[in-house]
Amino acid sequence: MTITRINIGPIHPSTHGVLRLVADIDGDTIVRVEPHIGFLHRGVEKLAETRMYMQNPPYMEKLDYLAPMSYDEAYVAAVEKAMGIEVKERAMYIRVILLELQRIASHLFFIGTIGNDLGQMFTLFMWAYMDRDMVIDLLEEATGSRMFYVNMRLGGVVRDLPPDFEARTLEKLNYLQKRMGEYESFIEKNPVFGERMKGVGVLSSEKALDLGVTGPVLRASGIEYDVRKNSPYYVYDKLHFEIKILTKGDNFARYKIRLLEIKESIRLVREAFKRIPEGDALGMPVKLRSPATKEKVAVISREVPKGECMMYLVADDQKPYRLSIRSPNFINLMSISHLAQGVRTADLFATLGTLDLVMGCVDR
Amino acid sequence: MEEYTKEEFMTAKKEMDQLVYESLKGKEAKPNVMFAKMSEISRALKVSKGMVKWARVNSLWPLQFGLACCAIELMGFGSARIDAERKGYLLFRGTPRQADVMIVAGWVTKSVVPEVKRLYEQMTEPRYVVAFGECATCGGPWFESYNIIRGIDQVLPVDVYVAGCPPKPENLFEALMKLQDKIGGKIED
């Protein structure tokens, strides 16, 4: 058979952003896929060197615009580590609650778009986006913004949770838990969804470790690794939750693991509300001069919705001397060359979709 | 519930066909709306002038084209809460040849400029551009970056600017209503 080379993107309705794929196809089967990236590169790491410490969080949020708060928190935690600042007890719980709500919002968005990738326009998307809007409303209430929150300050958060926030959140989470069952029956009872997702794009556990993928993609391949459990930060060691793992490592497992993680996150938020102490949660106000740094280098590892994010910060007096970001999206994207081998051309986008990529984080 | 045998059913069907045939006899077939002349439609809608403009204003089809963060709010614009369909902005088109308005959502890097230009050139005239968000308007937070052009208006003629980082979906709704006013001649250029 002759091998045809086709070009997909960089601007394409279903590549989840500005990504160019060059695919060699044999008939309808993909032989080789090569991602070309860099269309959203704007030099965040370089820009961060020219900004003061607390001017940087808005830039870090724009890395991953589906889970901005996770990156905001990771950066602020790196600065806190460099300055040797302790986070207040109540602020820790507030951070955990908001981060888990952010994780729910990010995974709901994934469930919505996977329907589009399979050509199921737009029922699932409308459902998931409606529920995501509900979670986003909670975050907006707690932080004051719909998308870019900039809610973290050194040692705490900008503002305490609003009154009656707990009751409203729990009410909405109860509704969401009921909805999760509806999603499951809607998706998993659908024979087309099962046929096109099961056994496609299989990533074995050995290969997953070789490629260095993290997050739900790794856990769907049967490796039990979660930064929240393996090296706990904040109050994750006091809260009860499980690392969900699935062994198959195909597209269906990567969808299912995210659905299970939403349920775990709901459980985490409920428990955090039970244990949250009274007291002060406000962080330091942003001033012209920030406190002096104590450590030269600070490395922070965080479990963001897409995987493991690391921030490597070399501290200077008032600005970062160097900031390096380990983007989980970038490393997960590189597994597409392996995953897409042998799948049908139509399933390429479903396989890409299950990696849950955000190109802003890949290109930085 | 009564049950019919197959024969009874067939006679009932024949009688029904006969009734339909008789009721249609002696009447002209209605013209197909798809192939009607513009003048006929304008007579029917009682719009004496500006028929084309009227149609253009009420069916703005955006191009499905997102670059960065603002594209998420663009999706929110198409989703259940805002329901963009009610004003005629439905159907994010996958191909530029069917689209009327291009919503530039996100920062425009130097490497993506040729692609955006090409998409714009592929759209059929008349075509409109909405700069959605700070980055497409003026460069936004990245104005000092080495790889960003400071606003899409350096490359394309922009009709409406939307401020905000990111703007809410409601703001896009308002911007498209402004664009309708502009096409309809209510706002001077």
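The paragraphs below go through a predicted model, starting with a sheet and helix packing in chain A and ending with the contact between chains A and B.

Chain A contains an open sheet of three strands, ordered S1-S2-S3, with antiparallel pairing. Strand S1 (4-8) and S3 of chain A are the edge strands; each has a single partner strand, so one side of each has no neighbour in the sheet. On average, and ignoring direction, neighbouring strands of this sheet are turned by 20° against each other. The pairing of S2(A) with S3(A) is antiparallel and runs over seven bridges. Within these strands, A:Arg20 is placed opposite A:His36 of S3(A).

Strands S2 (20-26) and S3 (29-36) of chain A also take part in the surroundings of helix H14 of chain A. This helix covers residues 347-354, and eight of its eight residues are buried, so the rest of the structure largely encloses it. The buried residues are A:Asp347, A:Leu348, A:Phe349, A:Ala350, A:Thr351, A:Leu352, A:Gly353 and A:Thr354. Besides the two strands, they pack against helix H4 (89-117), helix H7 (191-197), helix H11 (251-275) and helix H13 (336-339) of chain A. After H14(A) comes A:Asp356, which has a positive phi, near 55°.

Two of the helices that pack against H14(A), namely H4(A) and H11(A), also pack against each other, at an angle of about 155° and with their axes 9 Å apart. An angle over 145 degrees counts as roughly antiparallel, and H4(A) and H11(A) are therefore roughly antiparallel to each other. Their crossing is left-handed. On the side of H4(A), the contact includes A:Tyr93, A:Val96, A:Ile97, A:Glu100 and A:Leu101; on the side of H11(A), A:Tyr255, A:Arg258, A:Leu259 and A:Glu261 are among the residues involved. By class, the residues of this contact are 17 nonpolar, two polar and five charged.

H11(A) has a further helical partner in helix H6 (residues 165-188) of chain A, with an angle of about 160° between them and axes 10 Å apart. H6(A) and H11(A) are therefore roughly antiparallel as well, and H6(A) passes H11(A) in a left-handed crossing. Among the residues that meet here are A:Leu170, A:Leu173 and A:Met180 in H6(A) and A:Leu259, A:Ile262, A:Ile266, A:Val269 and A:Phe273 in H11(A). This contact divides into ten nonpolar, two polar and four charged residues. A:Leu259, A:Ile262, A:Ile266, A:Val269 and A:Phe273 of H11(A) also belong to the contact with H4(A).

Elsewhere in chain A, A:Glu80 lies in helix H3 (residues 68-83). Is this charged residue buried or exposed? A:Glu80 has 22 C-beta neighbours inside 10 Å and so counts as buried, the threshold being 20 or more. Leaving out residues up to four places away in sequence, A:Glu80 touches A:Ile85, A:Val87, A:Leu154 and A:Gly155. A:Leu154 is 74 residues from A:Glu80 along the chain, yet their C-alpha atoms are separated by 6.2 Å.

The last part is the contact between the chains, which takes 29 residues from chain B and 24 residues from chain A. On the side of chain B that touches chain A, the elements giving two or more residues are helix H4 (70-78) and helix H5 (113-122) of chain B. H4(B) gives the most, with four residues. By class, that side of chain B has 16 nonpolar, eight polar and five charged residues.

Technical notes:
Residues are numbered from 1 along each chain as its sequence is written. Chains are lettered from A and ligands numbered from 1 in the order in which they are written. This is a predicted model: local features need pLDDT of at least 70, side-chain atom pairs count only at pLDDT 80 or more; totals for chains, interfaces and linings use all residues. Two residues are in contact if their C-beta atoms, placed from the backbone, lie within 7 Å. Ala, Val, Leu, Ile, Met, Phe, Trp, Tyr, Cys and Pro count as nonpolar, Asp, Glu, Lys and Arg as charged, and the others, Gly among them, as polar. A residue is buried if 20 or more other C-beta atoms lie within 10 Å of its own, exposed if 12 or fewer, and partly exposed in between; C-beta atoms are placed from the backbone. Two strands pair if DSSP finds at least two bridges between them. Axes are lines fitted to C-alpha atoms, for helices over the stretch in contact, and angles run from 0 to 180 degrees between N-to-C directions. Angles under 35 degrees count as roughly parallel, over 145 as roughly antiparallel, 65 to 115 as roughly perpendicular and the rest as oblique. A crossing is left-handed if the near helix is turned anticlockwise from the far one by less than a right angle, and right-handed if clockwise.
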